[in-house]
Amino acid sequence: MKLRRGNFVIKHKMMKSILIKTILCSFLLLCVSCFKEVDLGFPQKIIFPKGGGEKIVTGKVSFGYAGIEDYRGNSGDIIRGEDGITYTVYDWLSVGYGDFSNEELKVYATPNTTGKRRTLYIEVYSGPEYQVITVKQDK
């Protein structure tokens, strides 16, 4: 009788351990799969001349957030303008956009005086989906 009881306790602990590990793995997979890159209709690449300038790009889907990244751990600052426009600014690049029903993104580049080609990335988010726009500036 004791042997059966002992086996039951061991099996119960093993089942509990397996269940906890399964739940944790499922949670991690759920968190990783929350955001996915899709085509929101924006161009894949924007190229600015050495002198900089402004370009307006449109997508097929409205978005709520646009960030600027250099993919080396640095990102842009978000500034809410008095005109109701949200600006994200990082280094030589800035983007401006309106509210959540917006499909238009204004991209601004300062003149390039570095003598090197520059690259930054704009990430446009529409809910759990996003698109990356590569922005390059000639030297």
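This section describes the fold, sheet, core, salt bridges and backbone features of a predicted model.

The chain contains one helix and 10 strands. Read along the sequence, the helix comes before the strands, in the pattern α-β-β-β-β-β-β-β-β-β-β. The mean pLDDT of the chain is 83, and 74% of the residues reach 70 or more. Confidence is lowest in helix H1, residues 2-32, where the mean is 58. It is highest in strand E2, residues 45-48, at 97. Where pLDDT is low, the predicted coordinates should not be read in detail. Of the 139 residues in the chain, 30% are buried. Among contacts between residues at least 6 apart in sequence, 58% join residues at least 24 apart.

Five of the strands form an open sheet in the order E3-E8-E7-E6-E5, with antiparallel pairing. Strands E3 and E5 (77-80) stand at the edges; each has a single partner strand, so one side of each is left without a neighbour in the sheet. From one strand to the next, the twist averages 20°. At one edge, strand E3 (residues 53-63) pairs with strand E8 (residues 102-109) over seven bridges in the antiparallel sense. Within this pairing, Gly 53 has Ala 109 of E8 as its bridge partner. Strand E8 is also joined to strand E7 (residues 93-97), by four bridges, and these two strands run antiparallel. At the other edge of the sheet, strand E5 pairs with strand E6 (residues 86-90) through four bridges, again in the antiparallel sense. Here Ile 78 stands opposite Thr 88 in E6.

Ser 94 illustrates the surroundings of a residue within this sheet. Ser 94 is placed in strand E7, and its bridge partner in E8 is Tyr 108. With a relative accessible area of 15%, Ser 94 falls under the 20% limit and is therefore buried. Leaving aside residues up to four places away in sequence, Ser 94 touches Ile 68, Thr 88, Val 89, Lys 106, Val 107 and Tyr 108.

The largest nonpolar core has 21 residues. Leu 93, Leu 105, Val 107, Ile 122 and Val 124 have the most contacts inside this core. The elements that each give two or more residues to the core are E2, E3, strand E4 (65-69), E7, E8, strand E9 (118-126) and strand E10 (129-137). In soluble globular proteins, nonpolar side chains tend to be buried together. The contacts of Ile 122 show how residues from separate parts of the sequence meet. Not counting residues up to four places away, Ile 122 touches Ala 66, Gly 67, Ile 68, Leu 93, Val 95, Leu 105, Val 107, Gln 131, Val 132, Ile 133 and Val 135. Among these neighbours, Leu 93, Leu 105 and Val 107 also belong to the group with the most contacts inside the core.

Side chains of opposite charge can pair when their charged atoms come close. The model has two salt bridges. One links Asp 70 with Arg 72, and the closest N and O atoms are 3.6 Å apart. The partners differ in their exposure: Asp 70 is buried, with a relative accessible area of 5%, whereas Arg 72 counts as exposed at 67%. The other salt bridge is formed by Arg 117 and Asp 138, whose closest N and O atoms are 3.7 Å apart. Arg 117 lies in the loop between E8 and E9, and Asp 138 lies in the segment after E10, so this pair ties together parts that are 21 residues apart in sequence. Both partners are partly exposed, Arg 117 at 45% relative accessible area and Asp 138 at 32%.

Two loop residues were examined for their backbone angles. Tyr 71 has a positive phi of about 60°, although it is not a glycine. Tyr 71 is located in the loop between E4 and E5 and counts as partly exposed, at 43% relative accessibility. Asp 91, likewise not a glycine, has a positive phi near 55°. Asp 91 lies in the loop between E6 and E7. Its relative accessible area is 62%, which is over the 50% limit, so Asp 91 is exposed.

Technical notes
Residues are numbered from 1 along each chain as its sequence is written. This is a predicted model: local features need pLDDT of at least 70, side-chain atom pairs count only at pLDDT 80 or more; totals for chains, interfaces and linings use all residues. Side-chain values use heavy atoms; hydrogens and water are left out. pLDDT is the predictor's confidence in each residue, from 0 to 100. Two strands pair if DSSP finds at least two bridges between them. A nonpolar core is a set of buried Ala, Val, Leu, Ile, Met, Phe, Trp, Tyr and Cys residues joined through side-chain atoms within 4.5 Å. Buried means under 20% relative accessible area, exposed over 50%, partly exposed in between (1.4 Å probe, protein chains only). Contact means heavy atoms within 4.5 Å. Axes are lines fitted to C-alpha atoms, for helices over the stretch in contact, and angles run from 0 to 180 degrees between N-to-C directions. A salt bridge is a side-chain nitrogen of Lys or Arg within 4 Å of a carboxyl oxygen of Asp or Glu.
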